[in-house]
Amino acid sequence: GCGKTTLASLLIGMYEVGSGTISIDGQDIASCNLKSIRHNIGVVQQDILILDATLRENLLIGNPKANEEDIWEACRKAGIASFIETLPDRLDTQIGKKGIDLSGGQKQRIAIARIYLKNPAIIVFDEATSALDRETELQIHEAWRELLKDRTAIVIAHRLSSVMLCDHVALIEDGIVKTEGHPEHLLKTRETFRELFSVHEVETEHVL
């Protein structure tokens, strides 16, 4: 409730900025058209949109012009290709309410494959792993590491394991940035930052 998701929505043009500016590489996004913004920014959320359609149709949301080779390459990078190969009709298998039910981790991998197909310069992860168990979350983080090479990522998260993947962290309270810096440094120097995570979580998840 402090405004993190609102910031992400502002970034992709869902809302207009009431005051101030949002700049990317020094360019005010208000001077960019929505098509350009949404072409260059991809979003991975906690609740993944899964259509009652084939896997192929769901993946092509990322890039409707992608060919067969592109799709399989994206699936391999997202770590879901081996699962698809076990399905009766592979990419043409029906999923969703009228087809195969997917786990939370599988849905996240589909979202990651879509991002590979879209190939944006900036990716926003909005509480993307908050509903996953610890083991699945770690597997998804491995897929993230491959995805994020040579890209900019904005990670909105409450879990330390996700926060520790970042190079720079901003702690927001009531819509205001209270502190910022490298997560390792903040854990050592900022009591407010440490209080967000239990002692147990710090000890077990700080391995990242």
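User: Why is K77 called partly exposed?

Analyst: In this predicted model, K77 has a relative accessible area of 36%. Buried would need under 20% and exposed over 50%, so K77 falls in between and gets the label partly exposed.

User: What makes the contact between E73 and K77 a salt bridge?

Analyst: The N to O distance between their side chains is 4.0 Å. The cut-off is a Lys or Arg side-chain nitrogen within 4 Å of a carboxyl oxygen of Asp or Glu, so the E73 and K77 pair counts. Both residues sit in helix α4, four residues apart, or about one turn. As a rule, an α-helix has 3.6 residues a turn, so residues three or four places apart point the same way. E73 is partly exposed too, because its relative accessibility is 34%.

User: How do you know that the buried residues of α4 are on the same side of the helix?

Analyst: Helix α4 covers residues 68–78, and its buried residues are I71, W72, A74, C75 and A78. Around the axis they take up an arc of only 160°, which means they share one side of α4. As for what covers them, that includes α3 (55–59), α5 (81–85), α6 (104–118) and α7 (134–147).

User: What makes N67 a cap for α4?

Analyst: A side-chain oxygen of N67 lies 3.1 Å from the backbone nitrogen of E69, at the N-terminal end of the helix. The limit for a polar contact is 3.5 Å, so the N67 contact qualifies. After α4 comes G79, with a positive phi near 75°.

User: Why does the pair of E68 and R56 count as a salt bridge?

Analyst: The closest N and O atoms of E68 and R56 are 2.5 Å apart, and the cut-off is 4 Å, so the pair passes. The bridge links distant parts of the chain, from E68 in helix α4 to R56 in helix α3, twelve residues apart. With 39% relative accessibility, E68 counts as partly exposed.

User: What else does R56 touch, leaving aside neighbours within four places in sequence?

Analyst: R56 has contacts with E68, I71, L91 and D92. With D92 there is a side-chain polar contact of 3.0 Å. R56, E68 and D92 are also linked in a network of salt bridges. A search of the whole structure turns up five salt bridges.

User: What makes E142 and R145 a salt bridge?

Analyst: Their closest N and O atoms are 2.6 Å apart, and the limit is 4 Å, so they qualify. Both are in helix α7, three residues apart, about one turn. E142 is partly exposed because its relative accessibility is 48%, while over 50% would make a residue exposed. R145 is partly exposed as well, at 33%.

User: Q139 is in α7 too; is Q139 buried, exposed or in between?

Analyst: At 38% relative accessibility, Q139 is partly exposed. The C-alpha atoms of Q139 and P183 are 21 Å apart, with their positions 44 residues apart along the chain.

User: Why is L49 called exposed?

Analyst: Its relative accessibility is 53%, and exposed means over 50%, so L49 makes the cut. L49 sits in the loop between β3 (41–45) and β4 (53–54). Together with L51 and I61, L49 makes a nonpolar surface patch of about 260 Å².

User: How do you know that D150 is exposed?

Analyst: Its relative accessible area is 84%, and the threshold is over 50%, so D150 is exposed. D150 is in the loop between α7 and β7, and its phi is positive, near 65°, in a residue other than glycine.

User: Where is R90, and what is its phi?

Analyst: R90 is in the loop between α5 and β5 (94–95). Its phi is positive, about 50°, although R90 is not a glycine. R90 counts as partly exposed because its relative accessibility is 40%.

User: Which residues of α1 are buried, and what do they pack against?

Analyst: In α1 (residues 4–11), the buried ones are K4, A8, S9, L10 and L11. They pack against several elements, including β1 (23–24), α2 (34–40), β3 and β6 (122–126). Just after α1, G13 has a positive phi of about 80°.

Definitions and conventions:
Residues are numbered from 1 along each chain as its sequence is written. This is a predicted model: local features need pLDDT of at least 70, side-chain atom pairs count only at pLDDT 80 or more; totals for chains, interfaces and linings use all residues. Side-chain values use heavy atoms; hydrogens and water are left out. Patches are made of residues with over 30% relative accessible area and no salt bridge: like charges are joined within 9 Å, nonpolar side chains (Val, Leu, Ile, Met, Phe, Trp, Tyr) within 5 Å. Accessible areas come from the Shrake-Rupley method with a 1.4 Å probe; for residues, only the protein chains shown count as cover. Helices (H or I, at least four residues) and strands (E, at least two) are DSSP runs, numbered from the N terminus. Buried means under 20% relative accessible area, exposed over 50%, partly exposed in between (1.4 Å probe, protein chains only). The arc is that of the directions from the helix axis to the C-beta atoms. Contact means heavy atoms within 4.5 Å. A polar contact is a pair of N or O atoms within 3.5 Å; within protein, one must be able to donate a hydrogen and the other to accept it, and residues adjacent in sequence count only if both atoms are side-chain atoms.
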